[in-house]
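User: Got a minute to walk me through this model? I'd like to start with the sheet and then look at how the helices pack.

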Amino acid sequence: MPKEILGNARIATLDGPGYGMVEAGALVHDQARILWVGPEADLPAGHADAARRDMGGWLITPAPIDCHTHIVFAGDRAREFEMRLEGASYEEIARAGGGILSTVAATRAASEGDLVAQALPRLDALLAEGVTAIEVKSGYGLEPETELRMLRAARRLGQLRPVRVRTTYLAAHACPPEYKGRADDYMNEVCLPALHTAHAEGLVDAVDGFCEGIAFDTAQIARMFDAARALGLPVKLHAEQLSHRGGTALAARYGALSADHVEYATAEDAALMAAAGTVAVLLPGAFYTLRETQLPPVAAFRAQGVPMALATDCNPGTSPVTSILLTMNMGCTLFGLTPEEALRGVTVHAARALGLSDCGRIAAGLRADLAVWNVENPAELSWRIGFNPLHARIFGGRE
């Protein structure tokens, strides 16, 4: 493949301590992989004949990754937004038949084409901010065919747009009305059989669940994790969002890629996650939308060396967010992350939360998934609100 030099750039490689900044830098790629990165004055002679593009001193970072989304769904929940403003809690809305279950009804009624068409604008908003990899969960079907239809729609998104899509099976998201009070039966008759079907069709990259008082307990989630392990699939978990139920410890015990939300996680949970290599995926959009007050234990995660990712949690009810830049700002403003932690959270650690080892940093041999920003300081990416300074999105070396 033809080589290209991106020269006259400031490059935040995130490969090593701090931002890993390379001043007056250059990056060589071959429209697939990064071949070399460093000060342009040190460019090896073997690359000198490549076509050169002047970046005008702009900042190059690894392309953002959104490692937790629910962007495939039908309908909206704007009325629930009003209800929360009128004083109803998340649990009150869910127990009244709203919340996840209202989206389930709309999603069950939608075709695969409908789901794709409704998801594309959400995806496009993320791509416009440089995102090149995204996770998409099922979990709004809660019956086999709709769960499979959601996963097929997610795979289709990756065919229609230049983006890597990682699919996550989340049938253990809520217990549908027809199984009210029979969560174990729902596991036996829906979650586990449909997982095997999804795996057989090549539709699933990971398995997730919602461990919470309004969803599933640790014993039920453990059954899902056992099934995933038998199929060779990695696991992750919505854990400790609304209360402490032991989900984070369970996720760590199974070597989960990530435990997500984790507002009610403890210092002991952080130690378990660190030992297991489990990423803490922080979701400030849901915290903001639900007007929560329980902060995730960021200091404990730092002290234990737990990687902290950030993601939009884009969904119709609790985090209608389609901006990775806003998510970075909220991670800093609401959770006290530094701008460097926020940038690592949507690059290095987000890649790890998806089990991806070929992206998230800028280094020779990795994918040429890059974002070029019209900014001088990386902190600007977290500082601004409602402003998109993206100059170019490069996916596999192609703009």
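**The sheet and the helices around it**

Analyst: Sure. This is a predicted model, and it has an open sheet of eight strands, ordered S6-S7-S8-S9-S10-S11-S12-S13, with parallel pairing.

User: Which strands stand at the edges?

Analyst: S6 (65-66) and S13 (308-310). Each has a single partner strand, so one side of each is left without a neighbour in the sheet.

User: How many bridges does S6 make with S7?

Analyst: Two, and S6 pairs with S7 (residues 133-137) in the parallel sense. Isoleucine 65 has alanine 133 in S7 as its bridge partner.

User: OK, helices now. Which strands does H6 lie across?

Analyst: H6 lies across S8 (164-172) and S9 (206-211). Relative to S8, H6 runs at about 160 degrees.

User: And how does H6 pack with H7, what angle and how far apart are the axes?

Analyst: H6 spans residues 183-200 and H7 spans 218-230; the angle is about 20 degrees and the axes are 11 Å apart. The two are therefore roughly parallel to each other, since the cut-off for that is under 35 degrees. H6 passes H7 in a right-handed crossing.

User: Which residues meet there?

Analyst: From H6 you have Ala183, Asp184, Met187, Asn188, Cys191, Leu192 and Leu195, and they meet Gln220, Arg223, Met224, Ala227 and Ala228 in H7. By class, that contact divides into eight nonpolar, two polar and two charged residues.

User: Switching pairs: what's the angle between H4 and H5?

Analyst: About 50 degrees, with the axes 9 Å apart; H4 is residues 112-127 and H5 is 144-160. That makes H4 oblique to H5. The crossing of this pair is right-handed.

User: Which residues make that contact?

Analyst: H4 contributes Glu112, Leu115, Val116, Ala119, Leu120 and Leu123, while H5 brings Arg149, Met150, Arg152, Ala153, Arg156, Leu157 and Leu160. The contact of H4 with H5 has nine nonpolar residues, no polar ones and four charged.

User: Zooming out, how many helices and strands does the chain have?

Analyst: There are 15 helices and 15 strands in the protein chain.

User: What about the radius of gyration against a compact globule?

Analyst: The protein chain has 21 Å, which agrees with the value near 21 Å for a compact globule with 399 residues. Along the principal axes, the C-alpha atoms fill a box of roughly 70 × 40 × 40 Å.

Methods
Residues are numbered from 1 along each chain as its sequence is written. This is a predicted model: local features need pLDDT of at least 70, side-chain atom pairs count only at pLDDT 80 or more; totals for chains, interfaces and linings use all residues. Side-chain values use heavy atoms; hydrogens and water are left out. Axes are lines fitted to C-alpha atoms, for helices over the stretch in contact, and angles run from 0 to 180 degrees between N-to-C directions. Helices (H or I, at least four residues) and strands (E, at least two) are DSSP runs, numbered from the N terminus. Angles under 35 degrees count as roughly parallel, over 145 as roughly antiparallel, 65 to 115 as roughly perpendicular and the rest as oblique. A crossing is left-handed if the near helix is turned anticlockwise from the far one by less than a right angle, and right-handed if clockwise. Contact means heavy atoms within 4.5 Å. Ala, Val, Leu, Ile, Met, Phe, Trp, Tyr, Cys and Pro count as nonpolar, Asp, Glu, Lys and Arg as charged, and the others, Gly among them, as polar. Two strands pair if DSSP finds at least two bridges between them. The radius of gyration is taken over C-alpha atoms; the globule rule is 2.2 Å times the number of residues to the power 0.38.
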